[in-house]
Amino acid sequence: LARPLGAVGAVSHLLPLIYLLLDDANTNVRLSVIYCFGEFLEIVGVHCAEDEADGVAGGGCSSDGDGSLVELLRGLGSDSNWRVRHAALLQLPTLARLLSPDEFEKLKFNLDAFATDRCALVRMDLLKVCARVAELPGYGRPWVERTALPVLIARHAEAKNYERRAVLLEG
């Protein structure tokens, strides 16, 4: 519904529902919202959010790269449920596409947490996500060398568990 409502309408009408559904105890409800999150970001922009102080939609749009939608995605990346963390990880290429490499790096997503996640699928898909981000215009090899490689090498070189080190074999 975000596309027909437009950015302002989506923020005022859908964003409160998104927050409500992401608080649902049922993981499948939360996952359904997360999988649509990229399209929502494309419509409203990365920096738009409802102004929680006065409930006025669009009042929270900013250009500082730290809007509440980004914070929401960051929080989902540290959720206790691995499926939620995995879904949040899969949204990073969309977020990167909507931002410049400098803006994306300033967000300081905790790639380290994904690289050392308890779930093997999260660790393995981190490599795929990094590869997808690297394919975006403006990212490429410099982004991989500055951002992804240091995390992967540091975390997996010191890992004693083969399953954690094996992630490097996938790359």
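In this predicted model, the side chains of His86 and Asp125 are joined by a polar contact of 2.5 Å. His86 sits in helix 5, which covers residues 82-90, while Asp125 is listed with the buried residues of helix 9. His86 has a relative accessible area of 9% and therefore counts as buried, the cut-off being under 20%. Leaving aside residues up to four places away in sequence, His86 touches Leu121 and Val122 as well as Asp125.

It is worth following the chain to the partner helix. Helix 9 spans residues 120-134, 15 residues in total. From its first C-alpha to its last, helix 9 reaches 22 Å, close to the 21 Å expected at 1.5 Å a residue. Its buried residues include Val122, Leu126, Leu127, Val129 and Val133. Arg123 and Asp125 are also buried in this helix, as are Cys130 and Ala134. Val122 thus appears twice in the picture: as a buried residue of helix 9 and as a residue touched by His86.

Stepping back to the whole fold, the protein holds 12 helices and 0 strands, so that from the N terminus on every element in the run is α. Of the 171 residues in the protein, 44% are buried. Among contacts between residues at least 6 apart in sequence, 64% join residues at least 24 apart. As for the surface, the protein exposes about 9,000 Å², and carbon and sulfur atoms supply 55% of that area.

Methods. Residues numbered from 1 in each chain as written. Predicted model: local features only at pLDDT ≥ 70, side-chain atom pairs only at ≥ 80, totals over all residues. Heavy atoms only, no water. Helix = DSSP H or I, 4+ residues; strand = E, 2+ residues; numbered from the N terminus. Buried < 20%, exposed > 50% of the residue type's maximum accessible area, 1.4 Å probe, protein only. Contact = heavy atoms within 4.5 Å. Areas by Shrake-Rupley, 256 points an atom, 1.4 Å probe, with all protein chains shown as cover. Expected span 1.5 Å × (residues − 1). Polar contact = N/O pair within 3.5 Å; in protein donor to acceptor, adjacent residues only side chain to side chain.
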